[in-house]
Amino acid sequence: MERYFHKLRSIRLKFFAAIAAVALVFITVLSCLNLFFYDNYYMAKRQSSLTEIYDRVCQSYYSGNNERLFETLFRIENSDSVRLSILDAGAAMIYDSDAARNDNSPSFFSNWKTAQLVNSALRSADPHKLENGGVDFVVVQMNDLRENFLCLVGRLGDGYLVGRTPFAFMKQNSMFNSTFLLISGAATLLICLVLGAVLASHFTRPLIEMGEIAQSMAHLDFSKKYEGERVDEIGQLGQSLNLLSDHLREAIDGLRASNEQLEYEIEEKERIDAMRREFIVNVSHELKTPIALIQGYAEGLTAGVAESPEDRAFYCNTIAEEAGRMNTMVTQLLSLSKLELGREIIRCETVPLGDCLRTAVEKTAVLRAGHDLAVSCTGDAVVESDGRLIEQIVMNYMTNAIRYTPDGGRIALHAEQLPDGGAQITVFNEGEGVPEEELPLLWEKFYRTDKARSRASGGTGVGLSIVRASAALLHAVCDAQNVPDGIVFSLTLPKELPAQRKSQEK
């Protein structure tokens, strides 16, 4: 995580460095231009300025108005920091700015150094350039003054005009310019650095935010969203990231749902395979004994072991009983398979539960014969359900109670309407209870608490499994509880079947 955010911060650093580098390059280039080209540029501009001064003096001179000429000379000297000298055809000085300032007489001239400077400039000028109103620029070095001068020499009538400006002034101006450029460059660089830091933070903040969002997406956390309001490319990238997050979340949710469904299907398949293997083992075990008995007695009859009519009748009755037991088991297993596979058709109707109990008592009368069992049937209730399946459940409860109630014992059937509109059926049989840890196992196929007694009583171990499967179809709850002197089996029915179940029936 830290390494990732370090990379994001480096983007900000690079952005800031790029802005700082551009500013530094700009200022460096500007400084180099000023350092290497400013003097030449200033010299060229100064020569152009002296040329313009020459043109102005010529216009005033040739106008023939001396007052206008002196006024022009005075204005130039004060505004352009240029000193002017006018010489006649013989190179004699007839006007000089310095002399005019010392004495208001334009013909006065007493500064021999100025005269030396002007004469040097006049001697250095190219005569060919002075022809036809041309000018020439010369540099005069005055060792006494330790200064160099830029001088303009031009024809003025029959004489000459010499304009001069010291290099010291130009150097001073260049130094001031360089100093100001250095100060302004440093200030500009500082401003650019501050601005670069602000811009870098402004432009990289959404990138860092999007980096955090991407990091969360990598950990399958799609709760973070880009909330910026930018409409540029960065904003479009953020919106695309949000869209990608939504699509990934939907895809992963779909994959999770598919995985859960697949896991459920695998578990269901494994459960069905286990049930199938268990079913095969149990059926094989349950059928092994009757088949062995049938085979043994049939072989005995074939071998003539049963010689008397009584023995033959016993052998035949045993074969018939075992075949009937197998037929009953197969019938119950087929019924249980239909219930577990949901192939049983449910018919919703108004079911009076009291009639179901009484019908079960009547149908099992033949099973109670010779056992001296006391049977009571009380209560009544009404539900909207499948009467056929309810009657089958009660019959299984009843036959189970008859099978495990000792001779002379008591069986009690009761139906009760519940406050929520549902109903409960209970079947009590007197006798030994079932160990508490074995109560949940009663509903498993082929489970018997006492296998020897169950076989002797004709049980197959499938009846209560049929009860549980039938109750599931009716959205009911079956239960078994130990009570004093016996055990109670119950069936709690809803007031009516759910709407989904009713629609499936239709």
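In which helix does Leu33 lie? In this predicted model, Leu33 belongs to helix α1, which runs over residues 2-62. The chain as a whole contains 14 helices and 12 strands, and of its 506 residues 37% are buried.

**The chain overall**
- Among contacts in the chain with a sequence separation of 6 or more, 65% are made by residues that stand 24 or more positions apart.
- The surface that the chain exposes comes to about 29,500 Å², and carbon and sulfur atoms supply 57% of that area.

**Helix α1 and the nonpolar patch**
- A nonpolar patch on the surface is formed by Val25, Val29, Leu33, Leu35, Phe36 and Phe37, whose accessible area together is about 630 Å².
- Leu33, one of the residues in this patch, counts as partly exposed because its relative accessibility of 44% falls between the 20% under which a residue is called buried and the 50% over which a residue is called exposed.

**Arg68 in helix α2**
- Arg68 is found in helix α2, which spans residues 66-79, and with a relative accessible area of 39% this arginine is partly exposed.
- When the neighbours within four places in sequence are left aside, Arg68 is in contact with Ser60 and Ser63.
- Between Arg68 and Val57, which are 11 residues apart in sequence, the C-alpha to C-alpha separation in space is 9.6 Å.

**Helix α7 and the negative patch**
- Four glutamates, namely Glu260, Glu263, Glu267 and Glu270, form a negative patch on the surface.
- Glu270, which is one of the members of that patch, is found in helix α7, a helix that covers residues 233-303.

**Helix α13 and the residue after it**
- Helix α13, made up of residues 463-473, is mostly covered, given that 9 of its 11 residues are buried.
- The buried residues in α13 are Gly463, Leu464, Ser465, Ile466, Val467, Ala469, Ser470, Ala471 and Leu473.
- α13 is followed by His475, which has a positive phi, near 55°.

**Points to view together**
- For the surface, two patches may be examined in turn: the nonpolar one that includes Leu33, and the negative one that includes Glu270.
- For burial, helix α13, which is mostly covered, may be viewed alongside Arg68 and Leu33, each of which is partly exposed.

Key. Residues numbered from 1 in each chain as written. Predicted model: local features only at pLDDT ≥ 70, side-chain atom pairs only at ≥ 80, totals over all residues. Heavy atoms only, no water. Helix = DSSP H or I, 4+ residues; strand = E, 2+ residues; numbered from the N terminus. Buried < 20%, exposed > 50% of the residue type's maximum accessible area, 1.4 Å probe, protein only. Contact = heavy atoms within 4.5 Å. Areas by Shrake-Rupley, 256 points an atom, 1.4 Å probe, with all protein chains shown as cover. Patch = residues over 30% accessible without salt bridge, like charges linked within 9 Å, V, L, I, M, F, W, Y side chains within 5 Å. Salt bridge = Lys/Arg side-chain N within 4 Å of Asp/Glu carboxyl O. Lys, Arg positive; Asp, Glu negative; His and termini not counted. Charge placed at Lys NZ, Arg CZ, Asp CG, Glu CD.
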